[in-house]
Amino acid sequence: MNKFNLQNIIRENVKAMKAYSSARDEYVSDGSKMIFLDANENPFETGVNRYPDPLQRGLKAVLAAQKNVSEDQILLGNGSDEVLDLLFRGFCDPKTDNIITLPPTYGMYTVLANLNEIEERKVELNLDFQPDVDAILKVVDEHSKLLFICSPNNPTGNTIASEKIKTLLEKFNGLVVIDEAYIDFSNQESWISELSNYTNLIVTQTLSKAYGLAGIRLGLCYASAEIISVLNKIKPPYNVNELTQKRALERISDLDAVSSEVNSVLNERAKLIEALKTICFVETIFPTEANFVLARVDDATKRYNELLEKGIVIRNRTTQPLCENTLRFTVGTASENEELIKALLSISKP
Ligand SMILES: *Cc1c(COP(=O)(O)O)cnc(C)c1O
């Protein structure tokens with residue numbers, strides 16, 4: 001069984017430091033008539049003249065109910081990118097520790113490892129884009145702190161097999177971070193429901209994809225209360241601004257609207273896949289549970305440029321491991337997809 005002990009992986013400086021104590025930590029307006037002269041704010045009302053709630057209590061109350069966790073199991077950040085950065089800063093000692101990633105995958109893990117001077121040990125996925133569990137466990141040592149699993153994976157689109165994730169959760173003595181940025185497009189259940197079974201599990205999600213709020217920057221992290229308290233200690237006090245908190249609260253209070261958009265994207269995804277099958281230069285369409293489709297073509301750079309000339313921007317993934325000559329198509333609106341398919345057909349003529 002797992003010998004995971006959180007105390008062994010928290011950085012010593014993080015254990016020793018005291019968190020910044022902000023005025024709004026001590027007292028948050030509950031709407032009653034208090035006079036706030038504690039934070040050197042401008043007293044004249046602009047709607048945002050007060051500092052935001054550093055712990056985003058209103059948002060977390062709704063999220064906790066929706067996800068069936070307690071509020072102290074949630075951390076919110078300025079996009080998942082901030083959440084991921086906090087994981088490095090809380091648990092990885094620069095120049096000493098290492099993380100494990102499973103390419104081809106999300107590029108931010110590498111950027112953050114480089115920024116924080118943490119060694120990245122890359123263990124490529126198999127040809128079916130599933131992890132090689134034995135190979136992963138072979139590169140692990142006592143300095144391996146984080147293992148990033150992106151499911152559904154970007155850019156491949158597939159989900160990672162539950163049995164493999166379970167084995168990794170049991171055998172890896174660091175934190176297993178499951179990045180579920182695309183979970184709302186998938187048939188798989190979120191790993192949030194497994195938090196009570198694995199003390200080393202961290203699940204990250206975002207409002208940037210299915211929720212349609214990439215512009216407000218809100219990332220979500222679900223983990224044990226112990227892990228969350230470490231992250232709360234080191235996060236910038238006001239990392240989620242007032243406008244973001246308000247806008248996010250409105251959106252998560254209307255899940256019907258979110259799911260109808262998700263359904264539309266899923267319908268369009270199915271149509272796009274059917275259309276791609278008819279394009280002569282498309283060789284393989286990879287199975288996807290996300291809001292994008294990865295396809296192998298005859299010459300990715302050539303096809304990318306041809307679409308660009310027609311005013312359509314997709315992602316050329318040809319330089320990624322295992323992704324030679326692949327293109328990643330984000331699923332758009334019905335009319336955007338019609339334009340895309342028209343353009344594909346027009347360049348498809350031999
Ligand atoms: C888009 C994406 C995110 C989202 O990051 P934000 O900072 O929340 O916008 C996270 N992880 C993966 C794998 C993504 O593709």
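Author: Let's start with a definition: a residue is near a molecule or strand if one of its heavy atoms lies within 4 Å of it. Here, 13 residues surround the ligand, and Ser80, Tyr182, Thr206, Lys209 and Arg217 are the closest. This is a predicted model, where local features need pLDDT of at least 70, side-chain atom pairs count only at pLDDT 80 or more, and totals for chains, interfaces and linings use all residues. Residues are numbered from 1 along each chain as its sequence is written, and side-chain values use heavy atoms, with hydrogens and water left out.

Reader: What kinds of residues make up the shell around the ligand?

Author: The classes go like this: Ala, Val, Leu, Ile, Met, Phe, Trp, Tyr, Cys and Pro count as nonpolar, Asp, Glu, Lys and Arg as charged, and the others, Gly among them, as polar. In this shell you get four nonpolar, five polar and four charged residues.

Reader: Which polar atoms lie within reach of an oxygen atom of the ligand, Thr206 included?

Author: A polar contact is a pair of N or O atoms within 3.5 Å; within protein, one must be able to donate a hydrogen and the other to accept it, and residues adjacent in sequence count only if both atoms are side-chain atoms. Thr206 puts a polar side-chain atom 2.6 Å from a ligand oxygen, and Lys209 has one at 3.3 Å from a ligand oxygen. Asp81 uses a polar backbone atom instead, 3.2 Å from an oxygen of the ligand. On its own the ligand has 390 Å² of accessible area, and the protein covers 94% of that. Those areas come from the Shrake-Rupley method with a 1.4 Å probe; for residues, only the protein chains shown count as cover.

Reader: Which helix gives the most to that shell?

Author: Helices (H or I, at least four residues) and strands (E, at least two) are DSSP runs, numbered from the N terminus. The top contributor is α5, residues 79–91, with three residues.

Reader: How do I check the span of α5?

Author: The expected span of a helix is 1.5 Å times one less than its number of residues. For the 13 residues of α5 that gives 18 Å, and the end C-alpha atoms sit 19 Å apart, which agrees.

Reader: And is a residue buried or exposed, how do I tell?

Author: Buried means under 20% relative accessible area, exposed over 50%, and partly exposed in between (1.4 Å probe, protein chains only). Eleven of the 13 residues of α5 are buried, so the helix is largely enclosed by the rest of the structure. Among them are Ser80, Glu82 and Asp85.

Reader: What does UniProt list for Lys209?

Author: UniProt positions follow the numbering used here, feature names are shortened, and annotations may be inferred rather than shown by experiment. An unreviewed UniProt entry lists Lys209 under "modified residue: N6-(pyridoxal phosphate)lysine". In the model, Lys209 is in the loop between β6 (201–206) and β7 (219–222), and its relative accessible area of 29% makes it partly exposed.

Reader: Which backbone features should I look at?

Author: Most residues other than glycine have a negative phi, and most peptide bonds are trans. In this model, a cis bond joins Ser151 and Pro152, with omega about -5°, and another cis bond runs from Asn154 to Pro155, with omega near 15°. Lys95, not a glycine, has a positive phi of about 65°. Lys95 lies in the loop between α5 and β2 (98–101) and counts as exposed at 68% relative accessibility.
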